[in-house]
Amino acid sequence: MRTLTRLDTDSRHARRELDDQIKGDGPLARHTVANHGQCHAGQSSVHESAEKHVTGKAAYIDDLAIPADALHVALGLSPVAYGTLTRLNLETVRQAPGVIDVITFGDVPGHTDIGPVFPGDPIFVESDISYAGQCLFAVAATSLQAARRAVKLAIIDIDERSARLDPVAAARCEELVRPTHTQERGDWQSVLQQADQIIENDLFVGGQEHFYLEGQACVVLPTEDEGVIVHTSNQHPSETQKLVAEVLGIAFHAVTVEVRRMGGGFGGKETQASPWACIAAIIARRTGKAVRLRLPRREDMHVTGKRHPFHNRYRLGFDAHGVIQGGEISLIGNCGYSPDLSDAIVDRAMFHADNAYSLGDVRVTGYRARTHTASNTAFRGFGGPQGMMIIEAAMDDIARHTGVDPLTVRKRNLYREGRDVTHYGQTVDQCQLLHNLIDKLETDSEYWSRRETVRHFNASSTIIKKGLALTPVKFGISFTAQHLNQAGALLHVYTDGSVMISHGGTEMGQGLHTKICQVVALELGLDLSQVRITATRTDKVPNTSPTAASSGADLNGMAARDAACKLRERLLDFAAAHFETGLDREGMRLEDGMLVAGLGESEHRIPWGELVQTAYLNRISLSEKGFYATPLIHYNRASGQGRPFYYYAFGAAVSEVSVDTLTGEYLVDRVDILHDVGNSLNPAIDIGQVEGGFIQGMGWLTTEELKWSDKGVLMSDGPATYKIPTFGDLPATFNVSLLEGHPNSMASLYRSKAVGEPPFMLGISVWSALRDALSSLSDYRVSPRLDTPATPERVLLAAQALRVKTL
């Protein structure tokens, strides 16, 4: 009892501190959670593993028990970015204490290229080295310490050459990982010739390290036949199954991949979790022992790709009111040494180069530059944020050019009736909703009165300058690769009435499993406590898509609903035919743990457990599979036109900052967010996703700076040199609301909208607010150049440049 009292006291103290630190009218998750029990889709519910998370009971890969004779793996990595491997002598490594096996390129029994979509990713270096950190060999030993010590004994000779690190130069020389792609609409050249005014500029958009709390990790166990069971922290189990099977030279069905949860993914475990599973699987089959491979943080950052840095440029024509008539936009993605997912990522950057604005007649071109760094990969937003940045920069630049407030310019350029078709040919549905959302946020945040306050403050303050910005988000929901827009689920009802649901999505903390359980509970009329989720396994739901593109709940939720609905209808049909009371099939339903038929005095109620038992005794199947494929979407790559997205999610954020123009340091004082999730599946979880997405986006644009040496070696390879947002970076006032009363116009899951990626781009408002504060140094006549991340150093340099320009 004394322990409980102490915990309660500590909890009250912590809550008082939080209340003093964070102010805002956004409800905290604990205030929105409904009572446990009758809690289903559309209501707030705690995360299905929340208690396990906070008590430490949630098992991650490094928590899994392994046999006493299990092996531990360490990797030998290239110290140079570009060159030829001329000598790899591992004899001393093999003889080191504790070493059981050492493998290189020549020891791979099957495929040696594990490129996820296109070839170009060798599992080990054969001769050509393409980035610093590329894997040369792997050592398996009886302990991790022994494996790491042995790796250092390798004798390696490399003929080093100058690394290519400039993506702009690479694009100019046509050093590309994939062909250039263009989307074109209208006569953009004539528009530029006839436009009232033309503006052009360029912008560097930095990359971002995933910095998941749980690094890349896997445990592989050999089976009694030629196969393996792979436990992995992984967003795409089916792809890992395929690659492991191909590397081992065995059938897919001999490989089972299981994912219970991840300690974060953010896209970094969509393709780049597979190599480690492949290496561990080879060793497991060669030795017949269980194998654990876990990358230390520093190695993880060196060997894995990041968010693609982009070099963007625009040239736009606009009228006297600042309304864009057309022009051209070019996007150069720094893809690293191989294609990975870069084709689709640069495509999505192109799709989102308009953000929420009609570009008129325009050409958008995307280049996929090859450089000697780790192959850059998926990251929350999947290229969309980098594409949006260039048009948001243009909005601010046009505003300064015309002397109009940036919000006014943004609103004039929003998609609207008559200007509602994108440059890739898709009509933007719910245009008016976008206008209404921005108008509401503009009013609720008191934008215009605060704008006047900011102007007055800046006029009287010579050092500290305030900035204010409202930026919108329009984000397309669907995989741009059409075949990935499908999902499956498997539902079991046991004879005690308990329910088990499996699906192809993976849980990385975002609450997907919670929402799936809520869907099944709603369709079967049960308490949430009666529905349990299983680990994602390739032997239960096969051929799954990655949990990515914000489509985890959209796809897997619909598949789970399909399974639950089919099973429910089977049980109702059985009940109508079986029970002697002659239950009327029409109007029969499942609710509150009961089968209910009829109304009023003629109502009959049969407990769920009794219904299930009776169905079982009468040999009615209590298992069902579900499937869903997103309709309507298509894209013709040859023409650059189509409908790649099922629908759009909208949002907007207002950010206010204070900048010390003598040091470049700044604070985010207040943030107001209004986000569109349609009919929310779980408001508490969705608000958490919006908050987390915004903070992660803010970090990408402000503090998270990746630095490489002149030779292509990553220098920002740990928390001492790479700065993610911390608790202290939270805005002092943080108001987050979900837009209510506006269901999705498309037939999505209960008319909800995806919430994984769209909030990330709300962080652009912080960057725009920093530019606004700096622009006040020129009395808002000049739009400052501010590449990202907008570190204090960059902010200071921008302030100094403005002072020089206005002298």
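1. A definition to start with: a salt bridge here is a side-chain nitrogen of Lys or Arg within 4 Å of a carboxyl oxygen of Asp or Glu. Please keep in mind that this is a predicted model. By this rule the count comes to 57 salt bridges.

2. Arg-605 and Glu-591 satisfy that rule, with their side chains meeting at 3.8 Å, N to O. Arg-605 sits in strand β23 and Glu-591 in strand β21, so the pair links distant parts of the chain, 14 residues apart. Arg-605 is partly exposed at a relative accessible area of 43%, and Glu-591 is partly exposed as well, at 27%.

3. Strand β21 (residues 589–591) also holds Arg-589. Its salt-bridge partner is Glu-603, and the closest N and O atoms are 3.9 Å apart. Glu-603 lies in the loop between β22 (594–597) and β23 (604–607), so this pair ties together parts that are 14 residues apart in sequence. As for exposure, Glu-603 has a relative accessible area of 30% and is partly exposed; Arg-589 is partly exposed at 25%.

4. Now to a pair for which both residues are buried: Asp-672 and Arg-450. Their closest N and O atoms are 3.3 Å apart, forming a salt bridge. Asp-672 belongs to strand β28 (residues 666–675) and Arg-450 to helix α15 (residues 447–460), so the contact ties together parts that are 222 residues apart in sequence.

5. You may want to look around that pair too. Arg-450 and Asp-672 are part of one network, joined through salt bridges that share partners, together with Lys-466, Glu-656, Asp-669 and Arg-670.

6. Next, the sheet that includes β28. Four strands make up this open sheet, in the order β16-β27-β28-β29, and the pairing is mixed. At the edges are β16 (464–477) and β29 (733–738), each of which pairs on one side only. From one strand to the next, the twist averages 15 degrees.

7. Within this sheet, β16 and β27 (residues 647–660) run antiparallel and are joined by 14 bridges. For a spot to check on screen, try Gly-467, whose bridge partner in β27 is Val-657.

8. Last, a helix: which residues of α18 (residues 608–617) are buried? They are Trp-608, Leu-611, Val-612, Thr-614 and Ala-615. These residues cover an arc of only 165 degrees around the axis, which puts them on the same side of α18. Just after α18 comes Arg-619, with a positive phi of about 60 degrees.

Note on methods: Residues numbered from 1 in each chain as written. Predicted model: local features only at pLDDT ≥ 70, side-chain atom pairs only at ≥ 80, totals over all residues. Heavy atoms only, no water. Pairing = 2+ DSSP bridges. Helix = DSSP H or I, 4+ residues; strand = E, 2+ residues; numbered from the N terminus. Axes fitted to C-alpha atoms, helices over the stretch in contact; angles between N-to-C directions. Buried < 20%, exposed > 50% of the residue type's maximum accessible area, 1.4 Å probe, protein only. Arc of directions from axis to C-beta.
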